[in-house]
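Welcome, and thanks for opening the viewer. Please load the model, switch to a cartoon view, and keep the selection tool at hand for a short walk.

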Amino acid sequence: LAPYRSSGIGTRLLQHALNEGSGDEFIADAYLHVQTNNDDAIAFYKRFGFVADGVVENYYKRLDPPDAVILKLDLRQWQVIKIDEVEYDDAGFSLEVPPTPPPEAAVPLV
């Protein structure tokens, strides 16, 4: 997935998921796990407001280190971020998401 890094795809996906989740009264928090040595991923999620909520030892069976940091975000505190090319209703939630073209670095199918 290296060709897609820094293209904004992950940011748009996460923003959209958090936008939608924050609009559901039955969802209070978003959780995810990240391998403890994946500093880039931890920093990425922290930019969105996720905070460390513990470590699960031996979470991964085939990775070293096997431990995972649990990251948590209180969705009641999330401010909806409008995403370019996404239409929103009056409450600020998406109506339809158009397909995102692949980055120029993508390898064409033969």
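Before we start, one term for later: two strands pair if DSSP finds at least two bridges between them. Please also keep in mind that this is a predicted model.

**The whole chain**

Begin with everything selected. The protein chain has two helices and five strands, and along the sequence they follow the pattern α-β-α-β-β-β-β. Of the 110 residues in the protein chain, 26% are buried. If you show contacts between residues at least 6 apart in sequence, 61% of them join residues at least 24 apart.

**Stop 1: helix H1**

Select residues 9–22. This is helix H1, with 14 residues, and the way from its first C-alpha to its last is 20 Å, close to the 20 Å expected at 1.5 Å a residue. Now show side chains here and pick out Leu 14, Gln 15, Leu 18, Asn 19 and Gly 21: these are buried.

**Stop 2: the three-stranded sheet**

Next, select 29–35, 51–56 and 68–74 together. In which order do the three strands form their open sheet? The order is E1-E3-E2, and the pairing is antiparallel. Strand E1 (29–35) and strand E2 (51–56) are the edge strands, as each pairs on one side only. On average, neighbouring strands of this sheet are turned by 25° against each other, direction ignored.

Zoom in on strand E3 (residues 68–74). Its antiparallel pairing with E2 runs over four bridges, while the antiparallel pairing of E1 and E3 runs over seven bridges. Here are some positions to click:

- Ala 52, whose bridge partner in E3 is Leu 71.
- Lys 72 in E3, which stands opposite Val 51.
- Tyr 31, which also has Lys 72 in E3 opposite.

Is E3 enclosed or open to the outside? Five of its seven residues are buried, so E3 is largely enclosed by the rest of the structure.

**Stop 3: Ala 68 and Gln 35**

Stay on strand E3 and select Ala 68, which lies there. Ala 68 is buried, with a relative accessible area of 0%. Leaving aside neighbours within four places in sequence, Ala 68 is in contact with residues including His 33, Val 34, Gln 35, Gly 54, Val 55 and Tyr 60. For a distance to try in the viewer, take Ala 68 and Leu 32: they are 36 residues apart in sequence and 9.4 Å apart in space, C-alpha to C-alpha.

Now move across to Gln 35 in strand E1. Why does Gln 35 count as buried? Its relative accessibility is 15%, and buried means under 20%. With neighbours within four places in sequence left aside, the contacts of Gln 35 include Ile 42, Tyr 60, Leu 63, Pro 65 and Ala 68.

**Stop 4: helix H2**

Select residues 39–46. This is helix H2, which packs on the sheet and touches E1 and E3; its direction makes about 165° with that of E1. Which residues of H2 are buried? They are Ala 41, Ile 42 and Phe 44. Because these residues cover an arc of only 160° around the axis, they sit on the same side of H2. On the other side of H2, you will find Asp 39 and Asp 40 exposed. To see what covers the buried residues of H2, bring back H1, E1 and E3, which are among the elements doing so.

**Stop 5: the aromatic rings**

For the last stop, show the side chains of Phe 44, Tyr 45, Phe 48, Phe 50 and Trp 78, which form one aromatic cluster. Phe 44 has already appeared as one of the buried residues of H2. How many aromatic pairs does a search of the whole structure find? It finds five.

A pair of aromatic rings is described by the distance of the centres and the angle of the planes. Try this on Tyr 45 and Phe 50: the ring centres are 5.8 Å apart and the planes lie at 75°, so the pair is edge-to-face. Finish by colouring these two residues by accessibility. Tyr 45 is partly exposed, with a relative accessible area of 22%, whereas Phe 50 counts as buried at 3%.

Conventions
Residues numbered from 1 in each chain as written. Predicted model: local features only at pLDDT ≥ 70, side-chain atom pairs only at ≥ 80, totals over all residues. Heavy atoms only, no water. Expected span 1.5 Å × (residues − 1). Buried < 20%, exposed > 50% of the residue type's maximum accessible area, 1.4 Å probe, protein only. Phe/Tyr/Trp six-rings, centres within 6.5 Å; stacked < 30°, edge-to-face > 60°. Axes fitted to C-alpha atoms, helices over the stretch in contact; angles between N-to-C directions. Contact = heavy atoms within 4.5 Å. Arc of directions from axis to C-beta.
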